[in-house]
Amino acid sequence: MKKQENIVKTGFEKKILAIAPYTFLPASSGGQKAIYYLYQHLGKQVDLTCVSTDDNLPDKIPGKLHFKLLPLLGNGVKRYINPANYRKLKKLVNRQGIEAIIIEHPYTGWLGWLLKATTGVPLIVRSHNIESLRFKELGKWWWRLLADYERWVHRKANHSFFITREDAEYAITAYGIRREKTSVITYGLQGGENPTPEQKRLLVEQYKQAHEIPADKTILLFNGIFGYRPNDEALELLLEKIYPALLHQAPDFHLIICGANIPAKYLAKKTDNLTVLGFVPDIEEIFLAAEVFLNPIWLGGGIKTKLVEALAGGASAVSFKSGAIGVDHRLLDGKLKIVPNKDIGAFISAIIEAGAATYTPTSKAFLDYFDWDQIARKANLALRGL
């Protein structure tokens with residue numbers, strides 16, 4: 001655990017308690033990064049305490065924590081329903097003079113509501129996606145039960161943070177939440193690179209030379225964490241349908257696929273047009289070398305964080321419509337091409353068009369919108385209003 005003296009305290013205003021019911025340090029997945037980076041930046045503006053599981057590893061992150069991390073929730077499924085957590089957190093709220101409570105996802109909504117009801121402290125629900133819709137898409141029969149619970153949690157909260165405008169609009173319409181009780185607190189970028197044309201050219205050239213990719217081939221990239229149905233089905237569609245058709249129409253490309261838990265039947269494939277790398281500990285080099293990022297995802301909710309990161313690294317991108325939710329193409333000057341879900345022909349045409357385009361840096365408007373400091377300031381403004 002990082003020592004107390006390593007926590008920077010500057011400009012504190014409200015005392016905030018955040019409840020993160022799963023491990024998020026060190027942060028590797030998009031959801032983990034969404035928690036860690038918001039708390040890091042928000043913790044510079046407020047007095048933030050986060051309670052979480054006891055298997056976080058803050059010593060594995062670079063630099064200092066800007067929030068206090070307390071391992072009070074335990075592990076295992078019971079942590080979501082353990083009444084002992086309510087007693088511990090109520091004492092913490094009263095002892096520390098907590099002025100607002102944030103819960104990550106609606107699953108601990110009962111706990112947040114009880115704390116609100118017995119302490120009078122306002123409750124904020126931070127939604128990473130509309131969970132019930134995500135499980136509906138995944139074919140889970142109980143999604144309606146989750147929708148009822150999710151609706152109840154958001155309506156009991158004083159305020160709701162949504163990760164996309166689309167999610168916020170859905171909750172306003174379907175859950176009956178008042179618009180003024182919602183904010184879009186999106187996923188952000190931490191020191192995202194935005195290469196100049198000359199820098200991008202050198203990065204691409206260096207990567208091709210180092211990995212023996214012909215200079216005349218455009219680098220395409222698909223990245224994700226697999227063993228999750230939306231990513232698995234996207235990978236299958238990409239390699240079984242899109243890749244062969246693209247190879248037939250325009251063979252001047254090299255597709256790189258990387259990520260954890262890639263199915264064994266695809267792992268370690270290497271041809272003149274394809275490299276399947278598997279898990280890459282430091283993916284920044286590939287993101288900066290990628291010329292076109294592919295996002296053939298049509299299932300699952302929320303924002304696709306790898307799409308945001310790839311665009312920040314200067315790549316153009318091609319995405320199915322559902323996979324681009326939360327990313328405003330109007331901020332990107334044509335760098336993001338969106339096609340109808342599962343339209344393979346349109347996807348291939350967009351890849352060819354993107355690959356032929358002259359490189360331009362990603363717009364400042366896009367980078368500003370996804371800047372963590374600005375996102376944290378917006379969250380803090382909502383907290384001040386409670």
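K342 sits in the loop between β13 and α11, where helices (H or I, at least four residues) and strands (E, at least two) are DSSP runs, numbered from the N terminus. This is a predicted model: local features need pLDDT of at least 70, side-chain atom pairs count only at pLDDT 80 or more, and totals for chains, interfaces and linings use all residues. Residues are numbered from 1 along each chain as its sequence is written, and side-chain values use heavy atoms, with hydrogens and water left out.

K342 is not a glycine, yet its phi is positive, at about 65°. With 49% relative accessibility, K342 counts as partly exposed; on this scale buried means under 20% relative accessible area, exposed over 50%, and partly exposed in between (1.4 Å probe, protein chains only). A268, in the loop between β9 and β10, also isn't a glycine and has a positive phi, near 70°. A268 is exposed, its relative accessible area being 61%. Another backbone detail turns up in the loop between β1 (15-19) and α1 (30-42), which holds P26: the peptide bond joining L25 and P26 is cis, with omega about -5°.

On to the sheet. It is open and built from six strands in the order β10-β9-β8-β11-β12-β13, with parallel pairing; two strands pair if DSSP finds at least two bridges between them. The edges are β10 (274-278) and β13 (336-339), each of which pairs on one side only. On average, neighbouring strands are turned by 20° against each other, direction ignored. At the β13 edge, β12 (residues 316-320) and β13 pair in the parallel sense over four bridges, and V318 has K337 as its bridge partner in β13.

Two helices lie across these strands. Helix α8 lies across β8 (218-223), β9, β10, β11 (292-295) and β12, and runs at about 165° to β9. Contact here means heavy atoms within 4.5 Å; axes are lines fitted to C-alpha atoms, for helices over the stretch in contact, and angles run from 0 to 180 degrees between N-to-C directions. Helix α11 (residues 344-356) lies across β8, β11, β12 and β13, at about 170° to β12.

Helix α6 (residues 165-174) has D167, A168, A171 and I172 buried. Down the axis of α6, the buried residues fall within an arc of 135°, so they line one face of the helix; the arc is that of the directions from the helix axis to the C-beta atoms. Among the elements covering them are β6 (159-162) and β7 (182-184). After α6 comes G176, with a positive phi near 70°.

As for aromatics, a search of the whole structure finds 18 pairs. Rings of Phe, Tyr and Trp (its six-membered ring) pair if their centres lie within 6.5 Å; planes under 30 degrees apart count as stacked, over 60 as edge-to-face and the rest as tilted. Y149 and W152 are stacked, 6.1 Å centre to centre with 20° between the planes. Both lie in helix α5 (residues 143-156), three residues apart, about one turn of the helix. Y149 is partly exposed at 25% relative accessibility, and W152 is partly exposed at 30%. Y243 and F253 instead meet edge-to-face, at 5.9 Å and 90°. Y243 belongs to α8 (residues 229-249) and F253 to β9 (residues 253-258), and both residues are buried. Ring pairs also link Y36, Y37, Y187 and W372 into a cluster.
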